[in-house]
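Thank you all for making time this morning. I would like to walk you through a structure that most of you have not seen before, so please have a look at it as it comes up.

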Amino acid sequence: MRKWECTVCGYIHEGEEPPEECPVCLADKSMFVELVEETSGVEEATPVEAAAVTTVSEPSTSQPQSRLYNFASEQILKHHLHPIMSHTPNGVLPMALIFLLIAALFGFSLFETAAFYSYLFVLLAMPLVLFTGYETWKKRYRGALTSVFKIKIGASVVAVLLLLLLTIWRAVDPDIATTPSTGRWVFLGLSLILVGAVGGAGHLGGKLVFGTRKN
Ligand SMILES: [Zn+2]
């Protein structure tokens, strides 16, 4: 059986032909290279299309970068800091949404206050979530813009904008989530979209890390 490796995410496909699309990162067929088992045990890649390899940009060899930046970048990949950091929005924001609903339904304003500080906390963590994500994408996935990464980048932009909007809105109007009004439902609706955006980005990230394994 021939083996094909996705040059973007490392997914291995077994079969006579590479798949039309990588099931993990949605890179197309041209991004697959055949894995050839050498007698020395070293795997050598044979490009499906020579162009496929050259279109992938080489990571950061053209510009000199500071040692601190390189050190930070290395640590991010070595210690899987992006999956760790992304658990901040993915863990805290669903909780904040539940708190907002409790505040709206039962009038417990302390839950609303907790949700507001949760939003602030996640907003402060977002630069690290985005930076670790950017570095991981550039280095591990060579900055390949397959649809998975486009969706993840788009979801991150939406999440940051919504977080900013909701935090500022709540700072300006502290009663927005506790007082019945149309604005409150918009506030809660945007909070739900926020959870969806980070949840979606997180789900795709999980697929990239764990592949298509079922258990
Ligand atoms: Zn892939």
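Let me begin with a question: what spacing do the donors of the zinc ion follow along the chain? Before I answer, please keep in mind that what you are looking at is a predicted model. The spacing of the donors is C-x2-C-x12-C-x2-C. Cys9 sits in the loop between strand S1 (3–6) and strand S2 (12–14), while Cys22 sits in the loop between S2 and strand S3 (32–37), and so this pair ties together parts that are 13 residues apart in sequence. The full set of donors consists of the SG atoms of Cys6, Cys9, Cys22 and Cys25, which coordinate the zinc ion at 2.3 Å. The angles among these four donor atoms run from 103 to 116°, and the site is tetrahedral. As for solvent, Cys9 and Cys22 are both buried.

Let me now step back to the whole chain. The protein has six helices and four strands, and, read from the N terminus on, the order of these elements is β-β-β-β-α-α-α-α-α-α. Of its 215 residues, 38% count as buried.

The next point comes from a record, and I want to be careful about how I put it. An unreviewed UniProt entry lists residues 92–111, 117–137, 149–172 and 184–205 under "transmembrane region". Taking two of these stretches in the model, residues 92–111 are 90% helix and 0% strand, with end C-alpha atoms 13 Å apart, whereas residues 117–137 are 100% helix and 0% strand, with end C-alpha atoms 30 Å apart.

One residue in the helical part deserves a moment, and that is Gln75, which lies in helix H2 (residues 67–78). Is Gln75 buried or exposed? Its relative accessible area is 17%, and because the cut-off for buried is under 20%, Gln75 counts as buried. In sequence, Gln75 and Thr132 are 57 residues apart, yet from C-alpha to C-alpha they are 9.7 Å apart in space.

That brings me to the empty space in the model. Rolling a probe the size of a water molecule over the atoms shows where such space is left.

The largest pocket holds about 790 Å³ of space. It is lined by 33 residues, and those closest to its centre are His82, Ser86, Gly133, Lys152 and Gly205. Helix H3 (81–106), H4, helix H5 (147–172) and helix H6 (182–210) each supply at least two residues of this lining, and H6 gives the most, with nine. By class, the lining of the pocket divides into 20 nonpolar, eleven polar and two charged residues.

There is also one cavity of 30 Å³ or more, and the space in this largest cavity comes to about 30 Å³. Which residues line the largest cavity? They are Leu100, Glu112, Ala115, Phe116, Tyr119, Arg170 and Phe187. Helix H4 (residues 109–140) gives the most to the lining of the cavity, with four residues. Sorted by class, this lining has five nonpolar residues, no polar ones and two charged ones.

If you would like to look again at one place, I would suggest going back to the zinc ion and its four cysteine SG donors, and then following the chain on to the pocket, where H6 contributes nine lining residues.

Conventions
Residues numbered from 1 in each chain as written. Predicted model: local features only at pLDDT ≥ 70, side-chain atom pairs only at ≥ 80, totals over all residues. Heavy atoms only, no water. 1 Å grid on protein atoms, 1.4 Å probe; cavity = no way out; pocket = protein on both sides within 12 Å on 5 of 7 lines; lining within 4 Å. Points joined across faces, edges and corners; volume = space filled by probe spheres on them. Nonpolar A, V, L, I, M, F, W, Y, C, P; charged D, E, K, R; others polar. Donors = N, O, S within 2.8 Å, 3.2 Å for Na, K, Ca; no water. Tetrahedral: all angles 85-135°; square planar, octahedral: opposite > 155°, others 65-115°. Buried < 20%, exposed > 50% of the residue type's maximum accessible area, 1.4 Å probe, protein only. UniProt positions renumbered as here; feature names shortened; annotations may be inferred.
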